[in-house]
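Here is a briefing on the model shown below. It goes topic by topic, from strand pairing to overall dimensions.

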Amino acid sequence: MAKIADGGEVMNWITVVGLEIHAQMATQTKMFCACRREAGAEANLHICPVCVGWPGALPVLQSEAVRCAIRAALCLGCEIQELSRFDRKNYFYPDLPKGYQISQFYKPYALGGGIPFIRDDQSAATLPLVRIHMEEDAGKSSHESDGTSRIDLNRCSSPLLEIVTEPMMMSSTEAASCVRSVRNLLRWVDVCDGDMEKGNLRCDVNVSVMPEGAKEYGTRTELKNLNSFVSIERSIVVESARQIELLAAGGTIRQETRLWDQDKEITESMRGKEDSPDYRYFPEPDLPAISISNAEIQTQRESLPEMPEVRELRWLEEYKFQEREIVPLMARRANGDFLESMVSEGVAPTDASNWFRGEILRYLNERSEKIESFPVSTKSMARLILATKEDLFSVGRAKSLLQEALEAESSLDHLIDQAGSQVQDEGELAGWVDQVLSENPEAVTKIQAGDEKPMGFLMGQVMRLSSGQAHPRKVQELIKDRLAN
Amino acid sequence: MSTDASDPSLPARPAVDAELVRKTARLARLQIEDADIPKLVDHLEKILDLVGELGISDDTTQSGDSISATTDSLDVEAWRNDEPAAENQPGGPRDSQQIGGNCPDWRDGSFVTPRVVGGE
Amino acid sequence: MSEDRNLQLPPQSATCLEVLDHLAAGKCSAEQLLTSYLDYLETTGRELGAAVEVFRESALDAARESDARRKNGDRVGLLEGIPFTAKMNISTIEGTTDASSSILEGFKSGADATVVSRLKNQGAILAGKSNCDEFAMGASNETSVHGVVKNPWSHDRVPGGSSGGAAALAGSHGWAFHLGSDTGGSIRQPAAFCGATGLKPTWGRVSRRGLIAFGSSLDQIGPLARDAADVRRVLEVIEGADELDATSVACERDTAESVASDPVRRIGLVSEGLSEGVDEDIRERIRESAKRLGSAGYEVVEVSLQTLARANACYQVIATAEASSNLARYDGVHIGQRVPAENLDQLYCGSRSSGFGEEVRRRILLGTFVLSSGYIDAYYGRAQQVRAEIRQEILTVLEDVDALMMPVSPFAPFCIGERVSDPLALYACDILTVTANLAGVPAIAVPCGSDETGLPMGMQWMGRHGEDQRLLQLAESWQSLDDSWRKLPTGVK
């Protein structure tokens, strides 16, 4: 809430924000053709007559995009429409080869719902949604030094969801928190990779301000070109300040679209409402209406993973996890899934959590990798952890075995087998221990005098003598036992 | 009124003038020569008069509500599986050479245009 | 070889089915037949302006392969060795597919439309491409970048449009069939003007994939041929669901066998189709034909189609609206001809204005207008409502009768240049044909004799949604009563 002195009186201004979030759906292929959806590929590698808008080519909707859309609507609490339709949004732009974008205007597939988010004061709130609709993405243009632009249509016709919210009083950080919440949810249900840097999650923001106590929202401006959470936050701060300054000086706000300049930290007018394009929406005659059956919705509902808040609550209550340890485990659904899988193999939740946050996360962080690429299976991890419980070897030994398996890319199971075959027989162990003690009287004297340092040396000697076959903890116990007597 | 006077729900045909023709041509990205404007105004007027025969019994139209699709009655659910097509399969990706070959300016695997300014 | 001395080509008016028998009997080879047909395309076809491209080499190769299949006893297709042409707006691997527009000059689609590949799979041989109005917008074949087409029955008259080339070929020679497209009458009206038989199938029954779109919700590919039996055979090959056209459907219940036991019995003669706006001799001929059908055992009743008067207005709005969007892709950036330009805006406007012809520009302008802000509800929205009324009325009327009967065109083939500069005069050609497109139902045009000047006359039947076969059965039955379809124009060689 910004305070501006107005004729000696201090006036409180409230910012109202609405969001339009574009999420690219994580499908194999594009929305209406069988081209691969691949970011970062060589320019125009994934183009075909359909997505290039060749005469005679026709769009055919793919089923996975519809399923993704249903899952997104379910986890945002929307009402999925039995009948929805595609419409054509007509405008000319070089990254739009058909001269129209296939979108949903008159009959979107999902209405209502809301985005759960945390207010700055830590209270829970919901940003209501107007609708979600499906549409196809446009291509990309890049500018060359020779004054031309190059058009790459790889991204063209990738499946998108556009999530449109109601306007709501909120701060810039709360707005960013809403986008983050959507990102996390869509990632959670495998709908969108949610990577703003890669552009598969994008956001336009509507901003208006009004004096505290006002009944009507002020005139809004639409901010485009926000490609990070930081730009969402900063642009709202900067734009609302601009509007407040203008209004406080007796000016008026023009309804317009503005571009965010991240480097200069300013918003710049792109076009006014009077110049806003006339999109001439009409129903897409090349695609049948989409009818989403209750059975399909039910199938998707059942396929949804345990939602984060449910999992969190269960972990707190059932597993007795601490709030703090939950954070890294909840960061991605796959993290928790990995943990759950270890638990289902018999590992105690606390052990699973400790190992995950310790050894596994360290390994992943060092390499900036995701759990999906962790080279050890949950089954092997469970064996390793359970082996320490069964006293086959120590936790320290287990960690070094894991380390060895990860570094040498060797089979952890094989290493566990080897380590598990260590000699535990008291008689055999006693022979090696007694020999080492008799050969190292100085060390024995020191230990008996209270200096524990040579203990490691004696251990090493026993291990060497046994060619690594002796069970380390048993050896340690045996040495202590011998020296105590 | 260009239409049957007994149907009061029909609006009068909008006055067609040079500005309307120019504005519409601009939307359609068509260049109109000044000399062609009188003829186009005349044609558009005549065609809109013809279209004025579009009487309807019910005039409760609200924006969008009157726009229904003819595909609604199609009893098909022709959804495609999310599987990439092999190169040169019907409907699948084609050698970009071929797509480039039909493009008026294709260089280094890209469509080339004069500099694109602004955004959509 | 001795076979050459016995070479016996079928008569020029022979239908495809007759030619199939001829080939099966070994009276001539596919190569011999095709050689002669290609000569016809290269001479008369080109003189009429009907044949734009002739694929001599690839067609002869295909004919030789066809002959080899017959000789070796391999599987022969349903149209084995039969030549056909595709309209310039239907994609083919061979040649160009420019929709008769200079904006698409030289466009090579690189792939066959689904219908074309289905035909080739059944042994049919693509012999060439036929002329049409630019982007299929016209009713006289006078807006083509490839020039006007002459009516084979009277060279100073138009062949109708937009499938004017296909109709001129079908009207002047047998042995082959021709793929046209029909958005508001573009198969039926030229078929009637040239003395051919042409079917606009149920919307969705034939895949549109590979057809350059004009008004997508109205467009339909269909055959033009000598008679209904040929049309039926072609339909059976090209119809059916296509995974590359989401609006295509299989009409499996409507087959030649299914309608044989349940043919058309009651025909509704549409009284509005015989109103003042229709030439007297055409009205007369339709009434006579109705009487002949009555004598042949059909029950003919007069029915009213009240929406007919508004159909053309509705059509002009919807067809142009969809066209304005379908033709947006010709922007000079990704495809088509580009004019030199300093900036993007000049490139768009310049390329589109010089690439599209006058009629196409006019329709884009109208279509853009009816969709634009402030006018969309009054024009496009209203037209959609009227369309719904038309569909409903057709549905209701066809509950009582099996088929509706009307003229195809309200007037006889007119002179070249007579109407082209007056859009309203040109749009009047469509008043009796657009209803079938708006309702999505099948409609067929068949010859029913000729007028006093010897020009062919046609009549039209519309059927229920998905009942194309029943219409074809009626047409076949008519053609066994009336052999005017058999007549070829004199002086055409």
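**Strand pairing in chain A**

A:Asp87 has A:Pro283 in E18(A) as its bridge partner. The model is predicted. That pair belongs to a wider link: 2 bridges join strand E5 (residues 87–90) of chain A to E18(A), and the two strands run antiparallel.

- The strand order E6-E5-E18 (chain A) makes up an open sheet of 3 strands, with antiparallel pairing.
- Strand E6 (100–103) and E18 of chain A are the edge strands; each has a single partner strand, so one side of each lacks a neighbour in the sheet.
- As background, strands of a sheet pair through backbone hydrogen bonds, either parallel or antiparallel.

**Contact between chains A and B**

- How many residues does each chain bring to the contact? Chain A gives 45 residues and chain B gives 35 residues.
- On the side of chain A that touches chain B, at least two residues each come from helix H1 (63–75), strand E10 (140–143), strand E11 (148–152) and strand E18 (282–283) of chain A.
- E11(A) gives the most to that side, with 5 residues.
- By class, the residues on the side of chain A that touches chain B are 25 nonpolar, 12 polar and 8 charged.
- E11(A) also pairs across the chains: 4 bridges join E11(A) to strand E2 (residues 110–114) of chain B, and these strands run antiparallel.
- One of the bridge pairs links A:Thr148 with B:Pro114 in E2(B).
- E18(A) has a part in two settings: it stands at an edge of the open sheet, and it supplies at least two residues to the side that touches chain B.

**Helix packing in chain C**

- Helix H8 (residues 228–238) of chain C packs with helix H17 (residues 468–481) of chain C at an angle of about 155°, and their axes are 8 Å apart.
- Which way do H8(C) and H17(C) run relative to each other, roughly parallel or roughly antiparallel? Angles over 145 degrees count as roughly antiparallel, and H8(C) and H17(C) are therefore roughly antiparallel to each other.
- The crossing of H8(C) past H17(C) is left-handed.
- From H8(C), the residues in contact are C:Ala228, C:Ala229, C:Val231, C:Arg232 and C:Leu235.
- From H17(C), they are C:Asp468, C:Leu472, C:Ala475, C:Glu476 and C:Gln479.
- The contact of H8(C) with H17(C) has 6 nonpolar, 1 polar and 3 charged residues.

**Backbone geometry to check**

- Most residues other than glycine have a negative phi, and most peptide bonds are trans.
- A:Arg280 is not a glycine, yet has a positive phi of about 50°.
- A:Arg280 sits in the loop between strand E17 (266–272) and E18 of chain A.
- C:Gly161 and C:Ser162 are joined by a cis peptide bond, with omega about 5°.
- C:Ser162 lies in the loop between strand E3 (125–130) and helix H6 (164–172) of chain C.

**Overall dimensions**

- Chain A has 15 helices and 19 strands.
- Its radius of gyration is 31 Å, well over the 23 Å that the globule rule gives for 485 residues, so chain A is more spread out than a compact globule.
- The C-alpha trace of chain A spans about 95 × 70 × 55 Å along its principal axes.
- Chain C has 17 helices and 11 strands.
- The radius of gyration of chain C is 21 Å, close to the 23 Å from the globule rule for 493 residues, so chain C is as compact as a globular protein of that length.
- Along its principal axes, the C-alpha trace of chain C spans about 75 × 65 × 45 Å.

Methods:
Residues numbered from 1 in each chain as written. Chains lettered and ligands numbered in written order. Predicted model: local features only at pLDDT ≥ 70, side-chain atom pairs only at ≥ 80, totals over all residues. Contact = placed C-beta atoms within 7 Å. Nonpolar A, V, L, I, M, F, W, Y, C, P; charged D, E, K, R; others polar. Pairing = 2+ DSSP bridges. Axes fitted to C-alpha atoms, helices over the stretch in contact; angles between N-to-C directions. Parallel < 35°, antiparallel > 145°, perpendicular 65-115°, else oblique. Left-handed = near helix turned anticlockwise from the far one by under 90°. Rg over C-alpha atoms; globule rule 2.2 N^0.38 Å.
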